[in-house]
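Please open the structure in your viewer and keep the selection tool at hand. The tour below goes from one stop to the next, saying at each what to select and what is found there.

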Amino acid sequence: MAIRQIIKHKADNPILRQKSRPVEVFDDRLGQLIDDLIDTMNYAYGVGLAAPQVGIFKRVYVISVKQGEVFEFVNPVITKTSGTQREKEGCLSIPNTEGETERPAAVTVEAFDRHGKKFSLKGKGLLARAICHETDHLDGILYTDRVSKN
């Protein structure tokens, strides 16, 4: 396990705008990446961290909205959303800033775990927000793209 460097967004650097590729091989290297994402997220006091934020353009992220509880997502797809929530949001790749964004109040996501086992998870509130935020990272979208203008 290791702490990886989190890429900081800069307007002239499009690295965080790249789309990530699906994971095709579920092996020890994937497990190591997930462990590193968890360590790095915890070290940075984050709620979530996506692989592109550490320069790995694979569809993988981790989320921890409650102490001691970590969710791992490989090849996630949001299959259902409902309601709306408007809250301030931040990002480890855009430090010391936040902005109000509108996100679904609840989501259902289908993904795989590190061993290739498929699962479905329903999230509400902060978990739903984090799932949307991290899924956006996999598509090269930053929360600042969604900040409310009013």
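Begin by selecting Val47, which counts as partly exposed because its relative accessibility is 34%, and keep in mind while looking that this is a predicted model. Val47 sits in the loop that runs between α1 (28-43) and β1 (48-50). Add Val65 and Leu126 to the selection, and a nonpolar patch on the surface appears, in which the three residues together have about 200 Å² of accessible area.

Stay with Val47 and turn to the largest pocket, whose volume is about 330 Å³. Its lining has 19 residues, and those closest to the centre of the pocket are Val47, Glu89, Gly90, Cys91 and His133. To see where the lining comes from, colour β4 (85-91), β5 (94-103) and α2 (125-138), each of which supplies at least two of its residues. By character, the lining divides into seven nonpolar, seven polar and five charged residues.

Next, select Glu89 together with Arg103, whose side chains meet in a salt bridge at 2.7 Å, N to O. Glu89 lies in strand β4 and Arg103 in strand β5, so this pair ties together parts that are 14 residues apart in sequence. Are these two partners buried or exposed? Glu89 counts as buried because its relative accessibility is 5%, and Arg103 is buried too, with a relative accessible area of 4%. Extend the selection to Arg129, Asp136 and Arg146, which are joined with Glu89 and Arg103 into one network by salt bridges that share partners.

Another salt bridge can be found by selecting Arg114 and Glu72, whose side chains meet at 2.8 Å, N to O. Arg114 is in the loop between β6 (106-112) and β7 (118-124), while Glu72 is in strand β3 (residues 69-82), so the pair ties together parts that are 42 residues apart in sequence. Arg114 counts as buried, at 16% relative accessibility.

For a further pair, select Asp145 and Arg17, which form a salt bridge of 2.5 Å, N to O. Asp145 belongs to the segment after α2 and Arg17 to the segment before α1, so parts that are 128 residues apart in sequence are tied together here. Asp145 is partly exposed at 41% relative accessibility, and Arg17 is partly exposed at 34%.

Finish at the second largest pocket, which has a volume of about 190 Å³. Among the residues to select in its lining are Arg4, Val23, Asp27, Leu30 and Lys58, and the lining as a whole divides into five nonpolar, one polar and four charged residues.

Methods. Residues are numbered from 1 along each chain as its sequence is written. This is a predicted model: local features need pLDDT of at least 70, side-chain atom pairs count only at pLDDT 80 or more; totals for chains, interfaces and linings use all residues. Side-chain values use heavy atoms; hydrogens and water are left out. Patches are made of residues with over 30% relative accessible area and no salt bridge: like charges are joined within 9 Å, nonpolar side chains (Val, Leu, Ile, Met, Phe, Trp, Tyr) within 5 Å. Accessible areas come from the Shrake-Rupley method with a 1.4 Å probe; for residues, only the protein chains shown count as cover. A salt bridge is a side-chain nitrogen of Lys or Arg within 4 Å of a carboxyl oxygen of Asp or Glu. Helices (H or I, at least four residues) and strands (E, at least two) are DSSP runs, numbered from the N terminus. Buried means under 20% relative accessible area, exposed over 50%, partly exposed in between (1.4 Å probe, protein chains only). On a 1 Å grid over the protein atoms alone, a cavity is a set of points where a 1.4 Å probe fits but cannot get out, and a pocket is an open set with protein on both sides within 12 Å along at least five of seven lines; lining residues have an atom within 4 Å of a point. Grid points are joined across faces, edges and corners, and a volume is the space filled by probe spheres set on the points. Ala, Val, Leu, Ile, Met, Phe, Trp, Tyr, Cys and Pro count as nonpolar, Asp, Glu, Lys and Arg as charged, and the others, Gly among them, as polar.
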